[in-house]
Amino acid sequence: MRVAAALWALCLPLMLAGCVSSGNLASGAPPAAAPVADEYQIGVDDRVQVSVWRNPELSIVTPVRPDGMISVPLVGDVMAGGRTPDAVAKELQGKLATYVIEPQVTVIITELRSHEYLSRVRVTGAVRTPISIPFRQGMTVLDAVLAAGGVTEFAAADRSSLHRKSGDGAQAYGVQLDHILNAGDLSTNYKVAPGDVITVPERVL
């Protein structure tokens with residue numbers, strides 16, 4: 001997972017440059033992002049919460065070990081790394097059925113430590129402080145740009161763009177940032193998704 005993140009970070013600038021130079025902006029708003037918990041597989045160093053309904057003594061919060069395992073009361077070691085929370089919960093339900101009548105298990109990732117960089121949002125270009133910030137549910141383009149201190153006096157704000165990973169590449173969507181900041185026009189104030197990059201170009205003098 002970390003190797004994939006590193007390769008993505010190396011390739012992203014080249015893909016963004018291709019999108020900007022060709023003016024190949026997608027029409028309309030970017031597709032809605034799926035809920036974060038559904039996108040990610042559990043990774044090493046993540047913390048997960050295992051809850052067994054009506055059996056609090058079997059419920060735990062635990063980190064995922066370097067071998068990808070977590071230790072659960074009665075069950076012992078269970079592979080969590082590289083699997084979705086749903087898949088782990090279903091396996092635990094099957095194993096706990098030996099000890100508990102109709103167990104109902106939920107698994108929640110409480111800390112996405114292994115996905116720290118994959119789940120960040122970046123703001124680059126003509127902003128006061130180019131930044132990389134953790135994604136938060138409900139975050140918009142405006143939230144991210146304000147976190148970067150806003151645009152500089154040299155910004156071509158209405159030529160801004162939001163870049164989102166799509167298949168094997170990245171797709172760019174036009175953002176009229178000047179309209180958002182100065183006219184209250186929120187039509188391009190899109191919700192961002194983990195891994196998005198917002199670029200604000202400088203004016204051509």
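1. A quick definition to start: a residue counts as buried under 20% relative accessible area, as exposed over 50%, and as partly exposed in between. Arginine 47 has a relative accessible area of 22%, so this residue is partly exposed. Keep in mind that we're looking at a predicted model.

2. What does arginine 47 do with its side chain? It meets the side chain of glutamate 111 in a salt bridge, at 3.7 Å from N to O. That pair ties together distant parts of the chain: arginine 47 belongs to strand β2 (residues 47-52) and glutamate 111 to strand β6 (residues 105-111), with the two positions 64 residues apart. Glutamate 111 is partly exposed too, at 34% relative accessibility.

3. A search of the whole structure turns up eight salt bridges. Another one is between arginine 128 and glutamate 153, whose side chains come to 3.3 Å, N to O. Here again distant parts of the chain are linked, this time from loop to loop: arginine 128 sits between β7 (120-125) and β8, glutamate 153 between α4 and β9 (160-166), and they are 25 residues apart. With 46% relative accessibility, glutamate 153 is partly exposed. As for shared partners, Arg47, Glu111 and Arg113 are joined into one network by their salt bridges.

4. Have a look at glutamate 91 and arginine 83 as well. They form a salt bridge in which the closest N and O atoms are 2.4 Å apart. Glutamate 91 has a relative accessible area of 24%, and arginine 83 comes in at 23%. Both values fall between the 20% and 50% cut-offs, so glutamate 91 and arginine 83 are partly exposed.

5. Now for the sheet that holds β2 and β6. In what order do its strands run? The order is β3-β2-β6, an open sheet of three strands with antiparallel pairing. At the edges are β3 (60-63) and β6, each of which pairs on one side only. Ignoring direction, neighbouring strands here are turned by 25 degrees against each other on average. In general, strands of a sheet pair through backbone hydrogen bonds, in a parallel or an antiparallel way.

6. Zooming in on one pairing, β2 and β3 are antiparallel over four bridges. To find a bridge by eye, start from glutamine 49, whose partner in β3 is valine 61. Helix α3 (residues 85-96) packs on this sheet and touches β2 and β6, and its direction makes about 140 degrees with that of β6.

7. Follow the chain into the loop between α3 and β6 and you'll meet valine 100. Is this residue buried or exposed? Its relative accessible area is 13%, which is under the 20% cut-off, so valine 100 is buried. Leaving out neighbours within four places in sequence, valine 100 is in contact with Asn55 and Leu58. Valine 52 is 48 residues away from valine 100 in sequence, and their C-alpha atoms are 9.6 Å apart in space.

8. Last stop is threonine 140, in the loop between β8 (131-134) and α4 (141-147). This residue is buried because its relative accessibility, 13%, is under 20%. Which residues does threonine 140 touch, not counting those up to four places away in sequence? They are Asn189, Tyr190, Lys191 and Val192. With asparagine 189 there is also a polar contact, side chain to side chain, at 3.3 Å.

Key
Residues numbered from 1 in each chain as written. Predicted model: local features only at pLDDT ≥ 70, side-chain atom pairs only at ≥ 80, totals over all residues. Heavy atoms only, no water. Buried < 20%, exposed > 50% of the residue type's maximum accessible area, 1.4 Å probe, protein only. Polar contact = N/O pair within 3.5 Å; in protein donor to acceptor, adjacent residues only side chain to side chain. Contact = heavy atoms within 4.5 Å. Salt bridge = Lys/Arg side-chain N within 4 Å of Asp/Glu carboxyl O. Pairing = 2+ DSSP bridges. Axes fitted to C-alpha atoms, helices over the stretch in contact; angles between N-to-C directions.
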